[in-house]
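I wanted a quick look at the ligand shell and at the sheet beside it. Here are my notes from going through the model.

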Amino acid sequence: MSTLTEAREAARQVTDALLRVAYRGAYSLAMAYWFVRRPSIEGVFVGVWHGRRVLLLQNSYKRQFSMPGGGPHAGESHVQTGLRELREEVGLTLDAAQLRPTYDVVDWDEFKRDHVFFVEVEVEAEPQVTIDRREVVWAAFMDVDAALQLPLSSPVRAYLTEAARRRAPPTLHFIQPGHALYPEELELRFRVLREPLGFPRSAVTFPFEAESLHLVAQQGTQVVGCVLFHPEDALKGRLFQMAVHPSLQGRGLGARLVVALEQELRRKGFTHVHLHARAAVVPFYERLGYEVYGEPFTEVNVPHRHMRKTLGSSMFPGGRSQEA
Ligand SMILES: CC(C)(COP(=O)(O)OP(=O)(O)OC[C@H]1O[C@@H](n2cnc3c(N)ncnc32)[C@H](O)[C@@H]1OP(=O)(O)O)[C@@H](O)C(=O)NCCC(=O)NCCS
């Protein structure tokens, strides 16, 4: 580093430190004002989520960890405030369409009535964040359970607690038509398997729904994954209607559903499973120990392959080649 660059860096660090002191001063003044006036104000926070990991930050003037956010400017919607705060505080530029209002709470901390609104965005990968080291001194993604162990303001804690519950890992249940989750299962099958191909809702159900096993993955009140099995005799049957909600694809849920279904099939004495795999999804089933057989064919206007698997002992519950 040249002497000039070093000098600039040192000057920047001094300026940053002075501005941090200024922020702390301004915050103390604001607290004094709130103490006297007891105002009613509004604030907006943005939950930037990647799975169960959320973007947290720390302001230079507060001990508690927080999230990107601040007070709305005149005429701004909550989403617009969220977008601006994301740009200003962590250097993230997102589209308004990506943010959705999710939660709000009224807080009485710091001598003011604060109506706090939360908007949320899901990101496919954790973006690089940039902070000014003046107002914001730290920012990073963190697992929501770890985040809840940190000192947090009460609105942020209330929101993260609610969000953690909503984002709890899906639980798996075997259900039958008539179960409260069955309409949700049909909705998922329509959205993931039929609607993208231009088929109507009436094309979702099969004549053998009632005698099939239905394994669904439930998250909150939503069905986010499913797989069905139609027994053809006491030993074999067809796996069908395998679907995972787009927001959760690629995170292991599909494999979890197939493994759990196979465990139940073994328990019931089934030894052979076959299925019609969309050609693009053949590798997914191959990873789970299924093999291609027969000639390619077309179903629902999509190229397909026949695949099958012999269920071995349950010694290899994640079974791959051992069981093929
Ligand atoms: C296909 C589908 C059910 C897979 O579920 P998922 O939860 O996304 O898959 P998982 O995360 O459990 O993947 C398990 C493994 O298969 C791989 N995999 C998943 N989908 C794949 C694909 N389309 N092509 C290649 N590999 C794939 C994953 O990379 C993962 O590999 P790893 O074990 O090495 O990490 C899901 O993507 C889906 O619903 N797709 C749309 C509907 C569909 O095509 N259904 C199947 C009709 S036959």
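**Sheet, helices and ligand shell**

I started with strand 10 (residues 222-231), which runs antiparallel to strand 11 and is joined to it by six bridges. I looked up one pair here: C226 has A243 in strand 11 as its bridge partner. A reminder to myself that this is a predicted model.

Next I checked what packs on these strands. Helix 6 touches strands 8, 9, 10, 11 and 12, and its direction makes about 40 degrees with that of strand 10. Helix 5 lies across strand 8, strand 9 (213-219), strand 10 and strand 11, at about 90 degrees to strand 10.

Then I traced the sheet. I get an open sheet of seven strands with mixed pairing, in the order 8-9-10-11-12-14-13. Strand 8 (171-175) and strand 13 are the edges, each pairing on one side only. On average, neighbouring strands are turned by 25 degrees against each other, direction ignored.

At the strand 13 end, I found strand 14 (residues 302-310) antiparallel to strand 12 over seven bridges, with A277 partnered by R305. Strand 14 also pairs antiparallel with strand 13 (residues 291-299), over six bridges. Strands 13 and 14 form a hairpin with two residues between them, and V300 in that turn has a positive phi of about 40 degrees. E299 is bridged to V302.

Last, the ligand: which residues come nearest? Of the 19 around it, I noted Q249, G254, A255, P283 and F284. Helix 5 (182-194), strand 11 (236-244), helix 6 (253-267), strand 12 (272-278) and helix 7 (282-287) each give two or more residues to the shell. By class I have twelve nonpolar, four polar and three charged residues.

Key
Residues numbered from 1 in each chain as written. Predicted model: local features only at pLDDT ≥ 70, side-chain atom pairs only at ≥ 80, totals over all residues. Near = placed C-beta within 6 Å. Helix = DSSP H or I, 4+ residues; strand = E, 2+ residues; numbered from the N terminus. Nonpolar A, V, L, I, M, F, W, Y, C, P; charged D, E, K, R; others polar. Pairing = 2+ DSSP bridges. Axes fitted to C-alpha atoms, helices over the stretch in contact; angles between N-to-C directions. Contact = placed C-beta atoms within 7 Å.
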